[in-house]
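Got the viewer open and a selection box ready? Here's a short walk through the model, one stop at a time.

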Amino acid sequence: MKKEIRQIMMIGAIVWGSAAHSQIRIANSTTNLAVTGSSAFIDASSNATYNSSSNTGKGLLYPRVDLTTFTSFGGAPIGLPTSFPSYYDGFVVYNTNTGGVAGVGTTEGTLTSGFWYYDNKSRDINGGTWKPFIPSSGTISITNVLTSTGNTATSTVNGISSSAPIVNSNALSLSGNNLTSTVNGVASTVNLASLITSGTTNTLISGGVGNNTLTSTVNGVAASTTAVKTVGNTVSGNTLSTTVNGVSGTTVPIINSNTLSLSGSSLTSSVNGVASGAINLSPAITAATTNVLSSSGNTMTSTVNGISRTAPIINSVSNTVSGNTLITRVNGVPSSSVTLPQSVNIYNSDGTLTEDRIVSTDNRMLWFQTNANNHIAFDVNATLSGYTRLITRGSSSSLVRALVNSNRTLDMELLAGGASRLLSTGSSELFIGTNTSSGPLIFGVGTNRATLDTNGNFGIGTVSPEAKLDVRGGGIVSGRLGVGVTDPLSKLDVDGNARFRSVPSGNLGDTDRYLGITSSGTLKKFDMDLPSFALYATSTQSVLRNADDVSRPLAIQNTRKINTDYIERVDSNTFRVKKGGIYTIEVWGKFSNIPSINNADDGANARLGVTLKLSVGGDAVQLIGSRWKEGEGTTNVTRTVILNANEQISIESVLSRSNGQYRETPGSSIFITYLPL
């Protein structure tokens, strides 16, 4: 490659030297000198002025060319010994275009900016190939084929082969369970413990019944020995211990179970599950039985063979009175009737009920009345707390009433249909509670609780309320609820601050409204037209465009953020509106390599940049941007329009120059907001 470059440089110098008198300027000289017999056809190294200067006469400066527009070779005739006999083979140019191919001949790869030469070994002026000196982009074609045979590896790079052994040294070493392999000086160690364990077999076989031989086979190698050499048994009370080969086993009981069972007069003994024959105990029982019967109070004692058992003599007593006739039943056996004296009754004598009694009032009131402290007392032993004190019973409903005069009542009632109620009539208040020394007041249904504790805190769904009202769960208020006020004027009337937690986020719909507070503190919903974010997208790539007055997409590839309720992407430069409304679109285009008009170096024309074209809903606006030094520039277009659903927004760039190209660079952006109508 270096040899070809030198040859091409020399050929190019010859071409330029032949026209030096008319098209080539030479530093600080107007003459061309001839050197007899020189091997170099152009020599500037012998110029003392050039050699003594730091900046003058130091290089060969080529004219620029865009090879995509270079379509033919000049000069005629071509191919004669005295006129371009090599068909421009080795022709050197400096190409300015990036991308595409040359307009004549073929191109190796795609064009890049830099030196290219025309490689033409054919006899046709158009039969050559343009090749770069040193590719500024892309890759140099290199082939590398690697093969192996036995222990030899061969690498062939661009047709040139070289071989070497693959393994120069290989050593194995073992230390304990660690195996180390060292190949070409590179060591690797593995622990063989798990492999040895998994690969080891051990089979243990006894000789079976009558054979006292034990055989162990480890990895196929067998060894045998006598299994049991000594056996000894020791008995201590009900315990048996066995010692085999000097090793004592755990002790076991000799007799594990011993049960006696009696069926009638037959006795059976079972030892360790083995039953004996039954023996009849009747003769022995009869000969040895004694029975002594005695009583004390209501207790009867029977002593049989010295063993005593007791039982009550009288289990039940009941009295039945009919008129003044009494019949007593003892243990269910009735007595003869007895006529009672007329002077004995509950008004002048105490007594004990022997069974339930039913007294019918025949629709009349039964009053217990002596003074203002009327009451019925139930004297029950304290150890029987929880037993029923007072019963009122009905077939469909039942009522217990406390009465003051005739206009104040407190009813505890079981209603027909399964309902229950506590009803106060004529009283100034109904107090249900405890004193300050008692625990909380708890209302419950099953396991559900409502609690009023001693601090005045009321809890629903909790037995430990932490505030004056502590509700664990949901609630519904159908009337007016006041917080900090006693006379609420609205559904919710709050005197003080309010706080909302874990409020979900989301976008406002067309029918949604904002919430505000009036000067009187009332919450109201109201309309407020605020713009909503719709889209922000940017460009991330560099794209080369021709400055041929043709509109091309401004590629904005990266969607940074988008609200799909309002807009969606169609392609790299087009977006579709999803909801009708007022849209504001702001586009910034960023560019580089912008050619100036007529190669102007200064003035207004030199500062004219790329035009942005913004198309919305079938209508388009265009604006010319700025061109700065070094050919960079920006263009900004902003427009506010009313769009219907499914109408599209697109952005294009365009530049009109007689020739050349410009580049869309990363950093272009589009920003869109939405406002409902």
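A quick definition before the first stop: a residue is buried under 20% relative accessible area, exposed over 50%, and partly exposed in between. Keep in mind as well that this is a predicted model.

**Stop one: an asparagine in a loop**

Select N331. At 36% relative accessibility, N331 falls between the two cut-offs, so N331 counts as partly exposed. You'll find N331 in the loop between β27 (325–330) and β28 (333–334). Check the backbone while you're there: N331 has a positive phi of about 50°, although N331 is not a glycine.

**Stop two: another asparagine with positive phi**

Now jump to N184. What is phi of N184 near? The value is near 55°, which is positive, in a residue other than glycine. N184 sits in the loop between β10 and β11. With 35% relative accessibility, N184 is partly exposed.

**Stop three: the sheet around that loop**

Stay in this region and colour residues 170–191. β9, β10 and β11 make an open sheet of three strands in the order β9-β10-β11, and the pairing is antiparallel. The edges belong to β9 (170–175) and β11 (186–191); each has a single partner strand, so one side of each is left without a neighbour in the sheet. From one strand to the next, the twist averages 20°.

To see the pairing in detail, show β9 with strand β10 (residues 178–183): the two run antiparallel and are joined by six bridges. For one pair to click on, take S173, whose bridge partner in β10 is T180. As background, strands of a sheet pair through backbone hydrogen bonds, either parallel or antiparallel.

**Stop four: the β6-β7-β8 sheet**

Next, select residues 144–165. Here three strands form an open sheet, ordered β6-β7-β8, with antiparallel pairing. Which strands stand at the edges? They are β6 (144–149) and β8 (160–165), each with a single partner strand, so one side of each lacks a neighbour in the sheet. The twist from one strand to the next averages 20° in this sheet.

Strand β7 (residues 152–157) pairs with β8 over six bridges, in the antiparallel sense. If you want a landmark, T152 stands opposite P165 in β8.

**Stop five: a cis peptide bond**

Head to A76 and P77 and look at the bond that links them. The peptide bond from A76 to P77 is cis, with omega near 0°. P77 lies in the loop between β1 (64–65) and β2 (91–95).

**Stop six: a nonpolar surface patch**

Switch on the surface and select L410, M412, L422, L430, I432 and F443. Together they form a nonpolar patch on the surface, with about 540 Å² of accessible area. Pick out I432 from this group: I432 is in the loop between β32 (420–425) and β33 (441–445). Its relative accessible area is 46%, so I432 is partly exposed.

**Last stop: L469**

Finish at L469, in strand β36 (residues 469–471). Is L469 buried or exposed? At 55% relative accessibility, L469 counts as exposed. Add N457 to the selection and run a C-alpha to C-alpha distance: L469 and N457 are 6.1 Å apart in space and twelve residues apart in sequence.

Note on methods. Residues numbered from 1 in each chain as written. Predicted model: local features only at pLDDT ≥ 70, side-chain atom pairs only at ≥ 80, totals over all residues. Heavy atoms only, no water. Pairing = 2+ DSSP bridges. Helix = DSSP H or I, 4+ residues; strand = E, 2+ residues; numbered from the N terminus. Axes fitted to C-alpha atoms, helices over the stretch in contact; angles between N-to-C directions. Buried < 20%, exposed > 50% of the residue type's maximum accessible area, 1.4 Å probe, protein only. Patch = residues over 30% accessible without salt bridge, like charges linked within 9 Å, V, L, I, M, F, W, Y side chains within 5 Å. Areas by Shrake-Rupley, 256 points an atom, 1.4 Å probe, with all protein chains shown as cover. Salt bridge = Lys/Arg side-chain N within 4 Å of Asp/Glu carboxyl O.
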